[in-house]
There are 2 protein chains.
Amino acid sequence: MSLERVLNAGSVAIVGASKNETKRGYQAIRTLLSENYAGKIFPVNPKEKSILGLMCYPKVSEIPDPVDLALITTPAKTLPAILEDCGAKGVKGAVIIAGGFQELGKEGKKLQDTVVATAKKYAIRLIGPNTSGMMNLKINLNLVGMRDVPKGDIALLTQSGNMALTMITEAKNNSKRGFSYYVGVGNEADIHFHEYLAHFRADPDTRAVLMYVEGMRDGRAFLAEARRTTREKPIVLLKSGRSDTGRRSAGSHTGALAGMPEVAKGAYTRAGVIVLEHSDELFPVTETVSSLPPITNNAVAILADGGGHATIASDLLTDMGIKIPILHDQTQKKLREILPFAASVPNPVDVAGGGDADPSIFAECARIILEDPAVGGLLMVGLFGGYGIRFAESLAAIEEAAARNMGQLVQAVKKPMVVHSLFNSAKPPALDILKSRGITVYDSLDIACKSISALAQYGAYLNSPPQEGGLVFQWGAKATPEGKKILETARAQGRWALLEHEAMALLGAHGLPVFPAPPSQSAEEAVAAAEKIDGPVVMKIVSPDILHKSDAGGVRLNLSTAGEIRQAFEEIRANAKKFNPKAEIRGISVAPMAEPGVEIIVGTKDDDQFGPIIMFGLGGVLVEIFKDVTFRVLPLTPLGAQGMIREFKARAILDGVRGNPPVDKEAIKALLLKVSEVIESYPEIAEMDLNPVMVYEKGLHIVDARILLQEAS
Amino acid sequence: MSLERVLNAGSVAIVGASKNETKRGYQAIRTLLSENYAGKIFPVNPKEKSILGLMCYPKVSEIPDPVDLALITTPAKTLPAILEDCGAKGVKGAVIIAGGFQELGKEGKKLQDTVVATAKKYAIRLIGPNTSGMMNLKINLNLVGMRDVPKGDIALLTQSGNMALTMITEAKNNSKRGFSYYVGVGNEADIHFHEYLAHFRADPDTRAVLMYVEGMRDGRAFLAEARRTTREKPIVLLKSGRSDTGRRSAGSHTGALAGMPEVAKGAYTRAGVIVLEHSDELFPVTETVSSLPPITNNAVAILADGGGHATIASDLLTDMGIKIPILHDQTQKKLREILPFAASVPNPVDVAGGGDADPSIFAECARIILEDPAVGGLLMVGLFGGYGIRFAESLAAIEEAAARNMGQLVQAVKKPMVVHSLFNSAKPPALDILKSRGITVYDSLDIACKSISALAQYGAYLNSPPQEGGLVFQWGAKATPEGKKILETARAQGRWALLEHEAMALLGAHGLPVFPAPPSQSAEEAVAAAEKIDGPVVMKIVSPDILHKSDAGGVRLNLSTAGEIRQAFEEIRANAKKFNPKAEIRGISVAPMAEPGVEIIVGTKDDDQFGPIIMFGLGGVLVEIFKDVTFRVLPLTPLGAQGMIREFKARAILDGVRGNPPVDKEAIKALLLKVSEVIESYPEIAEMDLNPVMVYEKGLHIVDARILLQEAS
């Protein structure tokens, strides 16, 4: 359902309207009036006749005209009744300011559920609760009561009023840009992130979306919408709650479940979202990617006056994975012609005081550099804008002319230019000219570098083929009768974990190479089982009460003779009984030993934000230490599987090192896709863990498989 | 030699004095006059009689009064003659502004050497060349011509005039702090970083040192001085040239050799220096560590109004390794008593609007929180200083009173408080009050978090025992006759690499367990050698012309029978001849095979900044991928060796994993110390590489040793 009548409301009721200047119900009306909101305003308060010259109504349902949107400023407990009244009136949407819902725990969650149910009944869409409000600056619909918010083409979507205030303050103080919308998402009880995003994607006046997220309730739908949006306009996002304390803080703030940070960052990034971890970068990066062309070749030149800034910028851009190419000989030659002897021209280009007497040299250098095909964008660092301040006022006019030239240059060559200037806070006209032509200017080297690197990241994304498929599950479509039966049996027995041979059989039912060793009931049965196996065997305890078999002394490896097998059988049984006398022992399994190979691990989990996800990495101790694993949101596509195999750091191991042959990557890919298929087939599976899997030059061997089921809900 | 008469000069000659307002030789005099420099000023210019009312001298030697310092603003080529003249006059120091020396390459380096030699002859100490100058703000000795530099207690020591300007601009715009000194180190041709540092350490008016470094010429002396200094006052340092491009840029700027970044960061940090990588953080962190008490327990509390900032700050502090402890029950109870129901008190503490009507609540909360013994420092984030702006002017006075209380609180409890405020740029009086009481205030969450985390880092350093020893070599003190002979032989034969058995013998001469297998000349000799060895052997080609033996097919492993050995002998010889027909073949060595163990590598190198350093890490492919190695500046102390073994990420491997026993850490420690001893014994060794070394439960086995000698100079 479109949010058009909600975010672009033609009329607003203010429930909780007040004459008290410190109250939200007063401030909102005052702001709507002073900012000339074009629609109708209806104060609602049974105790007042009129507020700020507007007629006041006792309840929403008594307003004679149609009402699109209600701003509700009254406390949490009043909400159900007010929404009933709004429903009777046919209101399309409500902004609920009050806190006291999900973020306060169980009781609050119950109240929130009631509110959402009431809204659903009347098809009222809810913004919030626990939000600082909403603004559509295009029609002066300002429901926040914040004044002097700069207008522009950035949509601001945040889960924190403070972060909104931070972004608005920064836009006001340091840029010439502003906002088309602000939505405080609050507890995201009804309207979810992706619905707002779809609205902003369709809005011709919005050029970029700036987001602060504590936790999304439907991350999967967001990813799908983000993929569409980022092909048309950039999204810049900061996701907090990366740390335990951050998650706790987010929980107490918006009741958000933050999800796994390593999963979120990858998922957002693959959807083309520019993900940041530092709030300082949030507004500048958004401003830059929304106003300048992306960099298509990941290569940036640096233009400086003096060495320090250029050296630091070189380090930072390199850290960010940006190339700083040596300029073409012809480019260097042209630069040498106009620069003093002490200048350095390979890149970074240091004019070495060449602009002191005539700062127009910066525009000339910028042109020469940006015309070099090896250069995708230009970062100018140092003192531009300040030559008129430092040396002689007469230089200011030269700088202004140079700024105009640079503005034209960026338009003409369709390559971006970002400027770092020490003199930004002095606001010289030359820098204002740059800004009004879309060239962004920062007094921070860190932020200037991050901004231009975001243009390279976005350019690389736009060059990549659009992602197809994934994200939507065909639940159960490929379930097999055998698989269903295994899960039904476990459920019927009240178990929430499959026995290992069941897990193996389930995987086998989807065509994976497994050995679903059924438990032997006696030593002789075990010997007979081993006789059917080539090579040495492994024996393991089978008990629904013993999950960690090794800890219970329930595993024996590398057994080759009947004697060894008999002995192992007795020992395992004795160990298991000692470990847990009450354990129900189903027998002891006998399976082939895996030959040594490259160890990998594959797992699946439910993420709070995205639902089922898959993890892949090398097995072994060092990999645990370095946490070198990759993630994807399920279901997995063949391209996604290939990406996982390519992107982990130690991927060289798969190609064979120290004389070892490369391992069977196709088998890994098939394994990942089959695991995805299994998860998609049985929604009752909560978590799967194949650890380790041995991969060989040809084929692989799943050594251990663990499958946990959803807790009954 | 003390720099007192240089940095605290009582009289200055300005060589290159000018009447042209755009010239440095004019600006310097004007600034000295306008800022009331207490000493005497002597313009020097043969063409002028007087400048700015001061009598002008044709040359320095014709000035009748004593001259402490000469500021020389004339071009590079004039320097030798001018310094001769200064020498005749008995000048103590000179500031050389001109570029055109080492940073321009060979010719420039030659000129620089001449200048330094001339200065040495007359005991003139040189600042620069290629510097923006020097300021002693305590006596208004401003030789930079920059006006309105804020005075204070931070000494600024940088290798970039732009970075100095950046720091000064930031101090002026955003703080109430300033500088005691500024020194532009330039090419560091004579006075080195550590000499300036020693001066600042001794200066009672300097409370902290802020440094920007492109490359140090005597990093070792700096480390020694830094260790002394950081016990008394903090040093904050940004070292650029971490990337290849950064190194190239630094080279063209100050001719600096940047050294290995991974070595520098560790070495500085262990000397107590706070090392930063983002220039945005440089001034704020210095300001914070110089004005607030350090945090002694690495634990910080966060006080916020609303969730977003607190959540982001939690993530950032966690990234920085800071603990955010749950507050004591009593602390939480006290907070609950004064805060609204929606507030969150475990930490982060969110007052949830509790300050909207009365912002004095922040001071009360700060007191309650800082009195909790689990809390080492407080980070307040959000809107403080802005309540008077946002809500009602009357709140401003309450905020000011609260700010005064917080100032007293920090003094009383001796714990620091850093403030993030969105309203910092509006400069409300409440924030000015905080700043003038030493509580630092930033509008960036990133910088506020980094600043308070630096207090924790510095506190941990001050709690650690002082480092003893190291840094100074007793060259040759422990050299053995056998070792000397091996090196002499190699030299006499014109070789710059030892043969492997020579390298082994050299290590053996210092008591390391080695098998210096002499080359066998025939298959039978090889068989005879193998007979003396227990277990299988390895055979390797011995040739000064074949360094990478495996590439030449010159290695055969795991040989057990006479037949295998004969065959290997012939094959290796044939392979080597095929690989390089001109290779001089000295024979084929026979040595015991190493049993499998934990692979480690140990190496030494010459670092541009610090001279000989040692590297240690696990061997193997994964470790190469993850670059998990540690470094120390040689010579190594026992504590240093222990530190190396403890601090690399995969150290758990040494403790034994997956059922393996722990390996012999004492043997590793002894190996590291012996390697250090070898390097200290023979200055002719340039580089050593022991790769791999197998370590066992007891003892170790050096499998391969490579030793390279210094190129003849």
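Through which surface do the copies, chain A and chain B, meet? In this predicted model, 100% of the interface residues of chain A are also interface residues in chain B, so the copies meet through the same surface. The superposition of the two chains is in keeping with a simple description: chain A can be laid on chain B with an RMSD of 0.1 Å by a turn of 180 degrees, accompanied by a shift of 0.0 Å along the axis. That is the relation of a two-fold axis.

The C-alpha trace of chain A spans about 100 × 80 × 40 Å along its principal axes, and its secondary structure comes to 24 helices and 28 strands. Chain A is divided into five parts, namely domain 1 (1-131), domain 2 (148-291), domain 3 (293-463), domain 4 (520-585) and domain 5 (598-709). When centres are taken over C-alpha atoms, domain 1 of chain A and domain 4 of chain A are separated by 67 Å. Of the contacts in chain A between residues at least 6 apart in sequence, 72% join residues that are at least 24 apart.

With regard to burial, 56% of the 713 residues of chain A count as buried. The largest nonpolar core has 467 residues, and those with the most contacts inside this core are Ala94(A), Ala366(A) and Ala366(B). For Ala366(A), once neighbours within four places in sequence are left aside, the residues in contact are Leu303(A), Leu378(A), Met380(A), Met406(A), Leu409(A) and Met417(A). Ala366(A) itself falls within the bounds of domain 3 of chain A, which runs over residues 293-463.

In chain B, an open sheet is formed by five strands in the order S2-S1-S5-S6-S7, and the pairing is parallel. The edges of this sheet are occupied by strand S2 (40-44) and strand S7 (125-127) of chain B, each of which pairs on one side only. Neighbouring strands of the sheet are turned against each other by 20 degrees on average, direction being ignored. At one end of the strand order, strand S6 (residues 93-96) of chain B pairs with S7(B) in the parallel sense over three bridges, and within this pair Val95(B) stands opposite Ile127(B) of S7(B).

Technical notes:
Residues are numbered from 1 along each chain as its sequence is written. Chains are lettered from A and ligands numbered from 1 in the order in which they are written. This is a predicted model: local features need pLDDT of at least 70, side-chain atom pairs count only at pLDDT 80 or more; totals for chains, interfaces and linings use all residues. Two strands pair if DSSP finds at least two bridges between them. Helices (H or I, at least four residues) and strands (E, at least two) are DSSP runs, numbered from the N terminus. Axes are lines fitted to C-alpha atoms, for helices over the stretch in contact, and angles run from 0 to 180 degrees between N-to-C directions. Domain bounds come from an automatic or database domain assignment. Copies are superposed by least squares on the C-alpha atoms of residues with pLDDT of at least 70 in both. Two residues are in contact if their C-beta atoms, placed from the backbone, lie within 7 Å. A nonpolar core is a set of buried Ala, Val, Leu, Ile, Met, Phe, Trp, Tyr and Cys residues joined through C-beta atoms within 7 Å. A residue is buried if 20 or more other C-beta atoms lie within 10 Å of its own, exposed if 12 or fewer, and partly exposed in between; C-beta atoms are placed from the backbone.
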